[in-house]
Amino acid sequence: MSISTHRAGPADLDALALLFDGYRQFYGQASDVPRAREWLRERLRFGESVVLVATRAGKPVGFVQLYPMFSSVRTARTWILNDLYVDAGARRGGVGRALLDAAAIRPAWGRPRGRCLLR
């Protein structure tokens, strides 16, 4: 099945909140979808992060979240890849690779000039 990626917008928020809640649970946090949704809404609303969503057969199956940062040495904006999550049922199928590739390709999501630091 083909995997596509796009920059998350308001229409993605509900499905993205479910994935983000799964991500938080993976790291031992209690499920709290409203909290996950509010966190993402605030980051997107104020441009504090860029979230890329991966879909397969039209269903969101993963995301990556990048936060802006600045490098004094490079005198440039950079992006820190902080969160990467693929739904358990979609793992080992190239979703993570598609998200990493999308994060590394600037024109695919229109980010301001800057290098993505994959950490």
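Biologist: Which residues is Gln65 in contact with, leaving aside its neighbours within four places in sequence?

Modeller: In this predicted model, Gln65 is in contact with Phe20, Trp39, Leu40, Arg43, Ser49, Val50, Val51, Ile80, Leu81, Asn82 and Asp83.

Biologist: What makes these contacts?

Modeller: Contact means heavy atoms within 4.5 Å, so each listed partner of Gln65 meets that cut-off.

Biologist: Why is Gln65 called buried?

Modeller: The relative accessible area of Gln65 is 0%. Buried means under 20%, so Gln65 counts as buried.

Biologist: What makes the pair Gln65 and Ser49 a polar contact?

Modeller: The side chains of Gln65 and Ser49 are joined at 2.8 Å. The cut-off for a pair of N or O atoms is 3.5 Å, so the distance fits.

Biologist: Where does Gln65 lie?

Modeller: Gln65 lies in strand β3, residues 59-71. Met69 lies in strand β3 too.

Biologist: Why is Met69 called partly exposed?

Modeller: Met69 has 41% relative accessibility. Buried ends at 20% and exposed begins over 50%, so Met69 falls in between and is partly exposed.

Biologist: Which residues is Met69 in contact with, again leaving aside neighbours within four places in sequence?

Modeller: Met69 is in contact with Ala76, Arg77, Thr78 and Ile80. The C-alpha atoms of Met69 and Ile80 are separated by 6.9 Å, and the two residues are eleven apart along the chain.

Biologist: What pattern does the protein chain follow along the sequence?

Modeller: The pattern is β-α-α-β-β-β-α-β, with three helices and five strands. Of the 119 residues, 42% count as buried.

Conventions
Residues numbered from 1 in each chain as written. Predicted model: local features only at pLDDT ≥ 70, side-chain atom pairs only at ≥ 80, totals over all residues. Heavy atoms only, no water. Helix = DSSP H or I, 4+ residues; strand = E, 2+ residues; numbered from the N terminus. Buried < 20%, exposed > 50% of the residue type's maximum accessible area, 1.4 Å probe, protein only. Polar contact = N/O pair within 3.5 Å; in protein donor to acceptor, adjacent residues only side chain to side chain.
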